[in-house]
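These are my notebook entries on a single structure. I set down each item I looked up in turn.

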Amino acid sequence: MDSHPTPALCTERLLLRPLELADADAIQQLFPQWEVVRYLNALVPWPYPADGALSFLRDMALPAMARGTEWHWTLRLRSNPGQMIGSISLMDEADNNRGFWLAPPWQGQGYMSEACKVVDHYLSLIHISEPTRPERISY
């Protein structure tokens, strides 16, 4: 499959920036909280390792983005773009095509619904690349 860069997206209140290795420290500060991890895939280790964010970015997310099989964004408030508040992802896998998390201080304010809406719109712009594999998505 051809590699396509993950585009920056935005909503009225949010900036969705493509994930990068420099985001590891911010993720490591926000992510390893039971209020976040308890809703995620059972493969997410708990307690979350001290190098969990760096390992995930370096070994899994960024290579998948480079292959064009996953699209990962950080969520940031337009009013404070230096502060990450969460993440949302699309994956090219059957029965596992979206993931997201939001740090507790920003939960319950409609941010994730807003992020899902713009990611859904992005998803509507890409098409099925192989008729025999309907779970496969690409431009």
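**Pocket and its lining**

I began with the pockets of this predicted model, and the largest has a volume of about 840 Å³. I then listed the residues that line this largest pocket and found 31, of which Asn41, Val44, Phe56, Met60 and His72 are the closest to its centre.

Next I asked which elements each supply at least two residues of this lining. They are the helix α3 (52–67) and the strands β3 (70–77), β4 (80–91) and β5 (98–102). The largest share comes from α3, with nine residues. By residue class, I recorded 19 nonpolar, eight polar and four charged residues in the lining of the largest pocket.

**Fold**

I counted four helices and seven strands in the chain. Along the sequence, I read the order of these elements as β-β-α-α-α-β-β-β-α-β-β. The chain has 139 residues, and 41% of them count as buried. I also looked up contacts with a separation of 6 or more: residues 24 or more positions apart account for 57% of them.

**Peptide bond and cysteines**

I noted a cis peptide bond between tryptophan 46 and proline 47, with omega at about 0°. Proline 47 is located in the loop that runs between α2 (34–37) and α3.

I searched the whole structure for disulfides and found zero. I then looked up how accessible two cysteines are. Cysteine 116 has a relative accessible area of 13%, so I entered cysteine 116 as buried, the cut-off being under 20%. Cysteine 10 has a relative accessibility of 44%, and I therefore entered cysteine 10 as partly exposed, since this value falls between the 20% and 50% limits.

**Confidence**

I closed with the confidence values. The mean pLDDT of the chain is 87, and 88% of the residues reach 70 or more. Where is confidence lowest, and where is it highest? The lowest mean, 32, belongs to strand β7 (residues 137–138), and the highest, 98, to strand β2 (residues 14–18). Over residues 127–139 I found the pLDDT below 50, although this stretch has 28 contacts in the model beyond near neighbours in sequence. Where pLDDT is low, the predicted coordinates should not be read in detail. I have therefore marked residues 127–139, with pLDDT below 50, as a stretch not to be read in detail.

How values were computed:
Residues are numbered from 1 along each chain as its sequence is written. This is a predicted model: local features need pLDDT of at least 70, side-chain atom pairs count only at pLDDT 80 or more; totals for chains, interfaces and linings use all residues. Side-chain values use heavy atoms; hydrogens and water are left out. pLDDT is the predictor's confidence in each residue, from 0 to 100. Contact means heavy atoms within 4.5 Å. On a 1 Å grid over the protein atoms alone, a cavity is a set of points where a 1.4 Å probe fits but cannot get out, and a pocket is an open set with protein on both sides within 12 Å along at least five of seven lines; lining residues have an atom within 4 Å of a point. Grid points are joined across faces, edges and corners, and a volume is the space filled by probe spheres set on the points. Ala, Val, Leu, Ile, Met, Phe, Trp, Tyr, Cys and Pro count as nonpolar, Asp, Glu, Lys and Arg as charged, and the others, Gly among them, as polar. A disulfide is a pair of cysteine sulfur atoms within 2.5 Å. Buried means under 20% relative accessible area, exposed over 50%, partly exposed in between (1.4 Å probe, protein chains only).
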